[in-house]
Amino acid sequence: MVVKEKKFLDDSVISFDRKHRATLHHNISKYDEAVVRGKSRYTRFADARKYASDVKEAALSGLADNLLLFEKKATENGTRVLWASDGRDALMHIRKIFEENGVKQVVKSKSMITEEIHLNEYCDTLGIEAVETDLGEFIVQTAGEKPYHILTPAMHKSKEDVARLFHEKFGTNPQATPADITAFVRDRLRKIFAGADAGITGANFLVADVGGVALTENEGNGLMTLSFPKVHIAIAGIERVIPSVRQLPFFWQWLGVHGTGQAISAYNSLVCGPKSPQESDGPEKMYVILLDNGRSKLLKYGEEWQALKCIRCGACLNACPVYKSVGGYTYGSVYTGPIGSVLTPFYSGFKEFGHLSDACTVCGRCSEVCPVKIPLHELLLLNRKRKVEETGEKTLWKLGMATFGYVFSSRRRLDLVNGRWKRRLAKLNRHILGEHKEFPRFADQSFSQRWISEHGKVPGHLSATNPASKYQ
Ligand code: SF4
């Protein structure tokens, strides 16, 4: 079994941690309530969803043109646009920017793409401190952990967990309230902002016709990250482009509604280049790194390209019964939940991450809630197929399925052994239901055996013309 797959099975025992589960369910339920309220503001919800999907589809079908337009406009605005084919390329660009600008201290706002390229670890190797400034990210960074959820990095922690953590690390009051913690972090970060040489952000959207980077957030830390230091670096996946600034107000609101239930997040910035000579605030230099890292390859697939429409709202994670059971860390990947299980094998390999789609129950909730109409559960089924095509089936699995097919295609064969033996045989593979679930009890006699023993013959309606009769 591949290491990552084994880790998934081992780590999924978190499902049996009642406290963890209660915290997760509590936090997700708060989002669920808010999102229902948020969606109710749209009187033509289905039309709005279709519009969102259509715009993203059009943006992707003209991806090359949109990106070239973005590059042209951004360059005219004074931004340096850099292309990175993979994470390593992106890190090389960042290193060069650090060297050219004498960067020693970095502040970061929340961005999953910097997790994708392992930026913090890379900064460590350069001896440069990269401080997270989003409260949730700051909490997980303080705990020495990774983001647990693509939108809410510290979703797995209760307010008591955070108070305890800050007491241990910073000596704050162990009974600190969320307001106390926020005030403490704000005070601490202000000093760091003032001394930072570079600010690194992601991009919620790249707006092609104005060459701008659009960011939406609730804490204002993103705005400070890009405006306080003299250098701003925005890292964006190439799929983040939308053609026109006219589409931006809709998407800011659409993302807010599906992410947190807000009509719109508190701070929304469209950054079109470094500060001009007439402006007193803003970075002196701005760079945008456009990261491919498997995206253009994914775009070529018949159905799977649709995953690139994702706007990272997190709704599919909150709706997924698997995510709600095993939690964010079990996946062992940067992107988690249904969208993570679809994307990660394309970004990091089917051999290591193809098993993620096997965990799906195919309930379809993720596809139902997705604001850009990505048929996630169907893509997960395609990933299962692709995994088998790319990595082959395990011999034991093939043998097991062949035996299953042979036995279950004949009622007589199925009834060769009694209930107790069926139970023993089913338990030969301990992963069928996992180690923590009781296997259902097989009846000692099957229904047809009981019928025949009580009535002495096959029921009349199961006649020779009835296909069921072949099983008798
Ligand atoms: S796949 Fe859809 S629901 Fe999931 S994060 Fe992306 S946009 Fe949101």
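Q: What do the domain bounds in this description come from?
A: Domain bounds come from an automatic or database domain assignment. In this predicted model, the assignment for the chain gives domain 1 (1–40 + 308–392), domain 2 (45–53 + 63–293) and domain 3 (411–471). Between domain 2 and domain 3, the C-alpha centres are 58 Å apart.

Q: What describes the extent and make-up of the chain?
A: Along the principal axes, the C-alpha atoms fill a box of roughly 95 × 55 × 45 Å. The chain contains 23 helices and 10 strands. Of its 472 residues, 39% count as buried. Among contacts between residues at least 6 apart in sequence, 73% join residues at least 24 apart.

Q: Why is Asn 293 called buried?
A: The cut-off for a buried residue is 20 or more other C-beta atoms within 10 Å. Asn 293 has 22 such atoms within that distance, and therefore counts as buried. Its place is in the loop between strand E10 (285–291) and H13.

Q: What makes the phi of Asn 293 notable?
A: Most residues other than glycine have a negative phi. The phi of Asn 293, in contrast, is near 50°, a positive value in a residue other than glycine.

Q: How do you know whether Lys 297 is buried, exposed or in between?
A: A residue is exposed with 12 or fewer C-beta neighbours and buried with 20 or more. Lys 297 has 13 inside 10 Å, so this residue counts as partly exposed. Lys 297 belongs to helix H13 (residues 295–299). Its C-alpha atom is 32 Å from that of Asp 10, and the two residues are 287 apart in sequence.

Q: Why is Lys 373 classed as it is for exposure, and where is it found?
A: With 17 C-beta neighbours inside 10 Å, Lys 373 falls between the limits of 12 and 20, and therefore counts as partly exposed. This residue is found in the loop between helix H18 (365–369) and helix H19 (376–391). Lys 373 also has a positive phi, near 55°, although it is not glycine.

Q: How do you know where the largest nonpolar core lies with respect to the domains?
A: The core has 105 residues, of which Ala 236, Ile 289 and Cys 316 touch the most other members. Strand E10 gives the most to this core, with 6 residues. Because domain 1 and domain 2 both give residues to this core, it lies between them. In soluble globular proteins, nonpolar side chains tend to be buried together.

Q: Which residues are in contact with Cys 316, beyond its neighbours within four places in sequence?
A: Two residues are in contact if their C-beta atoms lie within 7 Å. On that basis, Cys 316 is in contact with Gly 337, Pro 338, Ile 339, Cys 366, Val 369, Cys 370 and Leu 376.

Q: What makes up the surroundings of the ligand?
A: There are 14 residues around the ligand, and Cys 310, Cys 313, Cys 316, Ile 339 and Cys 370 come nearest. By class, this shell has 12 nonpolar, 1 polar and 1 charged residues.

Q: Why are strands E2 and E3 said to pair, and in which sense?
A: Pairing requires at least two bridges. Strand E2 (residues 105–108) and E3 have 4 bridges, so they pair, and the sense is parallel. Within this pair, Lys 108 stands opposite Glu 132 in E3.

Q: Which residues of strand E3 lie on its covered face, and which on its uncovered one?
A: In E3 (residues 129–132), Ala 130 and Glu 132 form the covered face, while Glu 129 and Val 131 form the uncovered one. In a regular strand the side chains alternate between the two faces of the sheet.

Methods: Residues are numbered from 1 along each chain as its sequence is written. This is a predicted model: local features need pLDDT of at least 70, side-chain atom pairs count only at pLDDT 80 or more; totals for chains, interfaces and linings use all residues. Helices (H or I, at least four residues) and strands (E, at least two) are DSSP runs, numbered from the N terminus. A residue is near a molecule or strand if its C-beta atom, placed from the backbone, lies within 6 Å of it. Ala, Val, Leu, Ile, Met, Phe, Trp, Tyr, Cys and Pro count as nonpolar, Asp, Glu, Lys and Arg as charged, and the others, Gly among them, as polar. A nonpolar core is a set of buried Ala, Val, Leu, Ile, Met, Phe, Trp, Tyr and Cys residues joined through C-beta atoms within 7 Å.
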